[in-house]
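Biologist: Before I plan anything around this structure, I would like a close look at a single part of it rather than a tour of the whole. Could you take one element, follow it through its neighbours, and tell me what the model says there?

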Amino acid sequence: MEQQTEASLLGMWTFLVTEILFFGGALTAYLVYRNWYPDAFALASYEIPIMPGAINTAVLIFSSLTMALAVHFAQTGDRGKTMLFIVLTSILGAAFLGIKAYEYHEKYVEHFIPGFGLPFEFPANPEYTNAARIFYSLYFVLTGLHALHMIIGLGIMTWMFIWVKNGTITQEYYAPVEIAGLYWHFVDIVWIFLFPLLYLIGRHVHHVG
Amino acid sequence: MSSNTVASPTSTYLNNGLTLKSWLLTKDHKRIALLYLAAVSFFFLIGALFAVLIRLELVTPAGDLLTDETYNKVFTMHGVMMVFFFLIPVVPAVLGNFLIPLMIGAKDLAFPKLNLLSFYVYMVGSLFTMWSIVSGGLDTGWTFYTPFSTVASTSAVVPAALGIFINGFSGILTGLNFMVTIHTMRAPGMTWFRLPLFVWAHYATSLIQILGTPVVAITIVLVAAERVFGFGLFNPAVGGDPVLFQHLFWFYSHPAVYIMILPAMGIISEIIASSSRKQVFGYSFVAFASIGIAVIGFLVWGHHMFVSGESVYAALVFSVLTFIVAVPSAVKVFNWTATMYRGSVSWESPMFFAAGFMGLFAVGGLTGLFLASMGLDVHLTDTYFVVAHFHYVMVGGTIMGYLGGIHFWWPKITGRKYNDIMARVSAVIVFIGFNLTFLPQFVVGYLGMPRRYHAYPDEFQVLNVLSSAGAAVLAVGYMMPIFYLIASLKTGELAGDNAWGAVGLEWNTTSPPPTENFKTTPVVTWEAYEYPTPVEGHVV
């Protein structure tokens with residue numbers, strides 16, 4: 001059993017390494033274009049309302065706490081509290097996705113969707129339209145992949161809830177909850193990178209000026 | 001040859017469940033390996049059919065058999081099938097899967113269900129790619145260069161891209177499984193430096209699969225998204241950067257060459273040690289050479305962009321690093337040679353393939369240095385010289401090594417011996433056919449024939465006809481094993497537990513092994529390749 005737990009944890013950490021490389025490819029593209037088009041990217045960042053993103057950051061950080069508590073109570077064998085915190089974590093995750101959906105809808109209304117043949121406009125500075133398109137392409141790729149990971153995370157939470165409820169998870173065998181927790185924290189951390197990269201950097205340039 | 005008393009074991013992984021379901025839903029790494037064997041062999045045949053079309057077209061200077069557009073699709077599908085669905089998975093998924101648990105004294109891989117999932121992910125990926133073939137084909141080259149693949153091509157790019165994306169996860173899962181298995185499942189006494197070099201090679205391969213494959217996955221997502229949604233990330237007309245695509249693509253796809261060659265090198269280490277009946281010369285150097293290739297292999301991708309507008313300073317660094325990555329490969333070849341030196345080398349068929357590997361890989365590796373030289377590369381890039389170079393590495397190296405491995409472990413996998421004379425003949429035919437196919441391509445490339453064209457000037461015809469004739473010989477060499485290996489299942493004599501008198505845990509169990517691999521967990525008290533000291537003049 002101990003060997004199995006050790007193997008599962010190592011497997012999850014290894015998987016998270018592949019995830020870092022996966023997001024890393026898209027972040028490299030972001031880095032290159034941020035260097036090519038610093039002004040356009042700063043202006044495009046400024047066009048994104050900060051409040052929904054900030055709320056979402058808080059929601060996810062809080063969900064990391066509830067996730068950590070779920071793992072803690074799985075470890076101490078408190079099934080009731082484990083289930084409670086798994087549910088809380090899922091609610092926070094769903095709230096994040098709800099706010100994200102609202103943000104996507106705003107982008108649609110403001111003609112910031114760079115695809116599907118939809119009109120794309122950048123009235124803040126029409127000269128930057130191409131670069132802004134690239135910014136919003138990366139915005140949707142990065143936040144879209146992150147949201148996909150959140151959805152998978154909700155699936156894992158449901159699975160863990162069932163396993164705790166039917167007694168598969170015990171004080172001796174709580175590794176699955178711990179591994180689910182590793183995944184959840186990882187997805188949170190990705191957002192901790194995305195929020196400054198997409199919403200914050202260069203924002204003040206236009207905010208003040 | 002071993003002289004132990006031969007009796008067919010009663011309970012083996014082959015007779016433990018005879019229904020189709022017991023095969024398709026198996027969690028036994030040995031059965032999954034055989035599922036992979038069937039699948040990769042099938043995709044090899046498809047890739048080979050495209051190769052036949054290419055060589056037929058190039059018999060005459062005029063583009064008369066295939067139109068230029070069809071020819072683009074044919075060489076693309078040849079590359080896609082061979083690279084992603086044959087060469088990358090072939091050795092790890094078949095032999096690695098079968099042997100790693102046996103070699104380290106484990107019952108199975110760390111995650112047996114994940115192993116089965118990995119096989120089906122591979123099959124689903126292949127279905128998407130086959131969909132691309134039947135819905136008109138793909139004409140971008142296996143490299144998917146933008147903006148052609150994202151804007152201009154009218155062929156089925158998205159299904160092929162999805163197929164490769166999905167297939168990538170299969171490689172990631174296999175690599176992850178191997179890595180965790182090697183870390184956590186070794187038998188008592190099986191320390192890191194008692195591991196067979198085959199296992200070290202697969203550890204290094206897993207490292208590349210885990211670190212490289214996700215990057216090509218996201219790159220392919222970006223290509224597909226760009227094509228479907230019209231993002232413009234890699235389209236210079238709207239401010240994107242096509243060279244960025246090339247960087248992201250080669251960051252994986254150059255190390256992918258090492259995914260292909262490292263496991264084959266692992267096979268060669270095993271065959272040479274067994275056939276020479278000696279400890280591998282400089283064991284730890286060979287082990288660390290694998291890791292060195294994996295690490296440095298990640299830092300050389302820029303040599304694919306010497307003529308793509310990369311800065312000259314970056315090119316200089318990539319050129320130097322490319323020279324450096326040749327060093328650990330050379331260490332391996334020298335150490336194999338030193339292992340054979342004063343060994344009592346026995347020439348059964350696996351050794352024929354291993355010797356062929358060393359010769360062909362040496363040519364492939366050394367011509368890589370030509371291409372690593374920035375000035376010379378300007379002349380040679382995108383010519384048949386490059387085609388010949390990477391076929392020497394991937395076909396002369398990987399497939400030769402793979403065939404050697406199949407012949408070496410066939411008695412373990414099936415419990416039967418095949419006709420060794422036929423096998424030696426096949427190895428010689430492959431070697432001759434291979435050189436006849438690809439040596440002329442070095443010459444014709446140097447003379448200036450570009451790759452990826454269906455027509456060429458008359459003066460190149462002789463060399464092209466030689467090459468096509470060689471391909472026919474090569475095909476005979478590749479087809480022969482299919483017949484005598486299958487025949488061995490019916491008529492081959494029983495092989496016994498240790499067909500070659502080799503050391504290594506996989507030879508300490510029955511042939512074929514039982515489902516649980518070992519009746520009792522082995523305890524390792526000896527070093528790797530601990531062959532008895534040879535007696536002068538005595539033939540074992």
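Modeller: A helix here is a DSSP run of H or I with at least four residues, and helices are numbered from the N terminus. With that naming in place, I will take helix α4 of chain B, which covers residues 112-134, and I should say at once that the model is a predicted one.

Two helices packed together are described by the angle between their axes and the distance between those axes. On one side of the account is α2(B), residues 29-57, whose axis lies 10 Å from that of α4(B), with a packing angle of about 15 degrees. Since angles under 35 degrees count as roughly parallel, α2(B) is therefore roughly parallel to α4(B), and the crossing of this pair is left-handed. From α2(B) the contact draws on H29(B), I32(B), L35(B), Y36(B), A39(B) and F43(B), while α4(B) contributes P112(B), N115(B), L116(B), F119(B), Y122(B), M123(B) and S126(B). Many of these numbers step along by three or four, which is worth reading beside a general rule: an α-helix has 3.6 residues a turn, so residues three or four places apart point the same way. Sorted by class, the contact of α2(B) with α4(B) holds 10 nonpolar residues, three polar ones and no charged ones.

The other partner of α4(B) to consider is α6(B), residues 157-184, and here the axes are 7 Å apart and the packing angle is about 165 degrees. Because angles over 145 degrees count as roughly antiparallel, α4(B) is roughly antiparallel to α6(B), and the crossing of these two helices is left-handed. The contact of α4(B) with α6(B) is made up of 14 nonpolar and 11 polar residues, with no charged residue among them.

Beyond α4(B) comes the loop that leads to α5(B), residues 148-152, and two backbone features there deserve your attention. F144(B) lies in the loop between α4 and α5 of chain B, and F144(B) has a positive phi of about 55 degrees although it is not a glycine. P147(B) belongs to the loop between α4 and α5 as well, and the peptide bond that joins T146(B) to P147(B) is cis, with omega near -5 degrees. Elsewhere in chain B there is another cis bond, from S511(B) to P512(B), with omega near -10 degrees, and P512(B) sits in the segment after α15, residues 461-491.

For a comparison within chain B, consider a pair that does not involve the helix you asked about. The axes of α7(B), residues 197-229, and α9(B), residues 283-296, come within 9 Å and cross at roughly 10 degrees, so α7(B) is roughly parallel to α9(B). The crossing of α7(B) and α9(B) is right-handed, whereas α2(B) passes α4(B) in a left-handed crossing. From α7(B), the residues in contact are L197(B), W200(B), A201(B), A204(B), L207(B) and I208(B), and α9(B) answers with V286(B), A287(B), S290(B), I291(B), I293(B) and A294(B). That contact divides into 11 nonpolar residues, one polar residue and no charged residue.

Conventions:
Residues numbered from 1 in each chain as written. Chains lettered and ligands numbered in written order. Predicted model: local features only at pLDDT ≥ 70, side-chain atom pairs only at ≥ 80, totals over all residues. Axes fitted to C-alpha atoms, helices over the stretch in contact; angles between N-to-C directions. Parallel < 35°, antiparallel > 145°, perpendicular 65-115°, else oblique. Left-handed = near helix turned anticlockwise from the far one by under 90°. Contact = placed C-beta atoms within 7 Å. Nonpolar A, V, L, I, M, F, W, Y, C, P; charged D, E, K, R; others polar.
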